[in-house]
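Open the model in your viewer and get ready to click through a few selections. We will go stop by stop, and at each one you will read what to look for.

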Amino acid sequence: MAEPSIYDEIELEDLTFHPSTALYTYPCPCGDQFEISLPDLRAGEDIAVCPSCSLMIRVIFEAGDLPPEEEELKEVGGAVVGVAA
């Protein structure tokens, strides 16, 4: 299978994490946001896609850069709180 055409390579620290959705996002030139989920990153995926156009970015990270699994975030009564497993 051919390697996908990558628009750019972006460090994980430059993406914004949204705890309520477990998504990392980064601005796309089209005006939307590239998206990749925390579970996808944990599974070794590194390609974030824009839902509005065909652009993709490669997310540069190491497993240690991700939030610890034992501190998964949980939404309780509209507030996001950290919960130890």
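Start by selecting D65, which sits in the loop between β6 (56-60) and β7 (73-76). Bear in mind as you look around that this is a predicted model. Is D65 buried, partly exposed or exposed? Its relative accessible area is 45%, so D65 counts as partly exposed.

Now keep D65 and add E11, E13, D14 and E62 to the selection. Together these five residues make up a patch of negative charge on the surface.

**Next stop: the salt bridges**

How many salt bridges does the structure hold? There are 2. Select R58 and E9 to see one of them, where the closest N and O atoms are 3.7 Å apart. This pair joins distant parts of the chain, since R58 belongs to strand β6 and E9 to strand β1 (residues 8-11), 49 residues apart.

Leave R58 on screen and show D46 as well: their side chains meet in a salt bridge, with 3.1 Å from N to O. D46 lies in the loop between α1 (38-42) and β5 (47-49) while R58 is in strand β6, so this contact ties together parts that are 12 residues apart in sequence.

With E9, D46 and R58 all displayed, you are looking at a network of salt bridges. Try colouring by accessibility here. R58 has a relative accessible area of 16% and is therefore buried, as the cut-off for that is under 20%. D46, at 22%, is partly exposed.

**Last stop: two hairpins**

Switch to a cartoon view and select strand β2 (residues 16-18) with strand β3 (residues 23-27). They pair in the antiparallel sense over 3 bridges. To find one position in this pairing, pick T16, whose bridge partner in β3 is T25. The two strands form a hairpin with 4 residues between them. Zoom in on the turn and click A22, which has a positive phi of about 55 degrees.

Then follow β3 to its other partner, strand β4 (residues 33-37). Here too the pairing is antiparallel, this time over 5 bridges. Select Y24 and look across to I36, its bridge partner in β4. Which residue takes a positive phi in the hairpin of β3 and β4? Select G31: its phi is near 105 degrees, and the hairpin has 5 residues between the strands.

While you have the strands in view, try showing their side chains. In a regular strand, side chains alternate between the two faces of the sheet.

How values were computed
Residues are numbered from 1 along each chain as its sequence is written. This is a predicted model: local features need pLDDT of at least 70, side-chain atom pairs count only at pLDDT 80 or more; totals for chains, interfaces and linings use all residues. Side-chain values use heavy atoms; hydrogens and water are left out. Patches are made of residues with over 30% relative accessible area and no salt bridge: like charges are joined within 9 Å, nonpolar side chains (Val, Leu, Ile, Met, Phe, Trp, Tyr) within 5 Å. Accessible areas come from the Shrake-Rupley method with a 1.4 Å probe; for residues, only the protein chains shown count as cover. A salt bridge is a side-chain nitrogen of Lys or Arg within 4 Å of a carboxyl oxygen of Asp or Glu. Lys and Arg count as positive and Asp and Glu as negative; His and the chain ends are not counted. The place of a charge is taken as NZ of Lys, CZ of Arg, CG of Asp or CD of Glu. Buried means under 20% relative accessible area, exposed over 50%, partly exposed in between (1.4 Å probe, protein chains only). Two strands pair if DSSP finds at least two bridges between them.
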